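Welcome to a set of short exercises with worked solutions. Keep the viewer open, try each task yourself, and then compare your steps with ours.

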Amino acid sequence: MGWSQKSFKLKTRSKGCYLVTDEILQHLPELRDYKIGMVNLFLQHTSAGLTLNENWDSDVRADMSDALGRIAPEGDMYRHDCEGSDDMPAHIRSSLIGASVDIPIRDGRLATGTWQGIWFCEFRAHPHTRTIVATIQGENGK
């Protein structure tokens with residue numbers, strides 16, 4: 001059994017839901033060294049999120065952004081607005097989506113379903129650089 005951990009930054013983005021599977025895989029070439037295992041991807045931020053969802057139709061990502069905006073709208077109804085009117089809604093959306101995903105590794109690849117991809121959801125209007133900590137655990141050697 002082996003463990004590996006590293007941090008990396010995602011490309012800077014503004015508000016929206018983005019398919020980032022390929023970008024994450026570029027940062028994790030060591031996945032190829034694991035026959036079986038798990039990878040945990042943890043986003044070190046409280047106003048963005050990570051999730052698994054539709055990897056084909058970009059309308060799903062736009063619809064998700066719109067739906068989250070209806071669930072936690074921007075406005076003056078929040079006490080916490082230190083960084084602007086999108087600050088507290090971003091925290092709510094982050095709690096709903098979550099800050100991490102766990103994905104099985106099989107034969108050096110992510111064992112996602114046919115239509116699953118890793119989404120990065122940025123909930124702030126102003127572009128931010130976000131950091132992910134990836135922890136891989138499993139059996140080395142294919």
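Which residue in S8 is the bridge partner of Ser-4?

**Exercise 1. Find the partners of strand S8.**

Step 1. Before starting, note that this is a predicted model, in which local features need pLDDT of at least 70, side-chain atom pairs count only at pLDDT 80 or more, and totals for chains, interfaces and linings use all residues. Residues are numbered from 1 along each chain as its sequence is written, and side-chain values use heavy atoms, with hydrogens and water left out.

Step 2. Strands (E, at least two residues) and helices (H or I, at least four) are DSSP runs, numbered from the N terminus. Strand S8 covers residues 131-140, and strand S1 covers residues 2-9.

Step 3. Now the opening question: Ser-4 has Ile-136 as its bridge partner in S8. S1 and S8 run antiparallel and are joined by eight bridges. Two strands count as paired if DSSP finds at least two bridges between them.

Step 4. Look for another partner. S3 also pairs with S8 in the antiparallel sense, over nine bridges; here Asn-40 has Thr-135 as its bridge partner in S8.

Step 5. Why is S8 largely enclosed by the rest of the structure? Seven of its 10 residues are buried, so the strand is largely enclosed. Buried means under 20% relative accessible area, exposed means over 50%, and partly exposed lies in between (1.4 Å probe, protein chains only).

**Exercise 2. Describe the nonpolar cores.**

Step 1. Start with the term: a nonpolar core is a set of buried Ala, Val, Leu, Ile, Met, Phe, Trp, Tyr and Cys residues joined through side-chain atoms within 4.5 Å. As background, nonpolar side chains tend to be buried together in soluble globular proteins.

Step 2. How many residues does the largest nonpolar core have? The count is 21, and the residues with the most contacts inside this core include Ile-24, Leu-28 and Ile-132.

Step 3. Ask which elements build this core. Those giving two or more residues are strands S3 (34-43), S4 (48-54), S5 (100-106), S7 (116-122) and S8 (131-140). S3 gives the most, with four residues.

Step 4. Zoom in on Leu-28. Leaving aside residues up to four places away in sequence, Leu-28 touches Lys-6, Phe-8, Val-39, Leu-41, Ala-134 and Ile-136. Contact here means heavy atoms within 4.5 Å.

Step 5. Another core, of seven residues, lies apart from the largest one; among its members are Cys-17, Leu-68, Ala-90 and Cys-121.

**Exercise 3. Follow the charges.**

Step 1. The structure holds seven salt bridges. In each, a side-chain nitrogen of Lys or Arg is within 4 Å of a carboxyl oxygen of Asp or Glu.

Step 2. Which residue meets Arg-13 in a salt bridge? The partner is Glu-23, at 2.6 Å from N to O. Because Arg-13 lies in the loop between S1 and strand S2 (16-19) and Glu-23 in helix H1 (residues 21-27), the pair ties together parts that are 10 residues apart in sequence. Arg-13 is buried at 10% relative accessibility, and Glu-23 is buried at 15%.

Step 3. Arg-13 also lies over the face of Tyr-18, at 5.2 Å from the ring centre. A charge sits over a ring if NZ of Lys or CZ of Arg is within 6 Å of the ring centre and within 35 degrees of the ring normal.

Step 4. Turn to Glu-74 and Lys-15, whose closest N and O atoms are 2.4 Å apart in a salt bridge. Glu-74 is in the loop between helix H2 (58-71) and helix H3 (87-97), and Lys-15 is in the loop between S1 and S2, 59 residues apart. Are these two buried or partly exposed? Glu-74 counts as partly exposed at 34%, and Lys-15 counts as partly exposed at 38%.

Step 5. Finish with Arg-124 and Asp-87, a salt bridge with closest N and O atoms 3.7 Å apart. Arg-124 lies in the loop between S7 and S8 and Asp-87 in helix H3, 37 residues apart. Arg-124 is buried at 5%, and Asp-87 is buried at 1%. Salt bridges with shared partners join Glu-83, Asp-86, Asp-87 and Arg-124 into one network.
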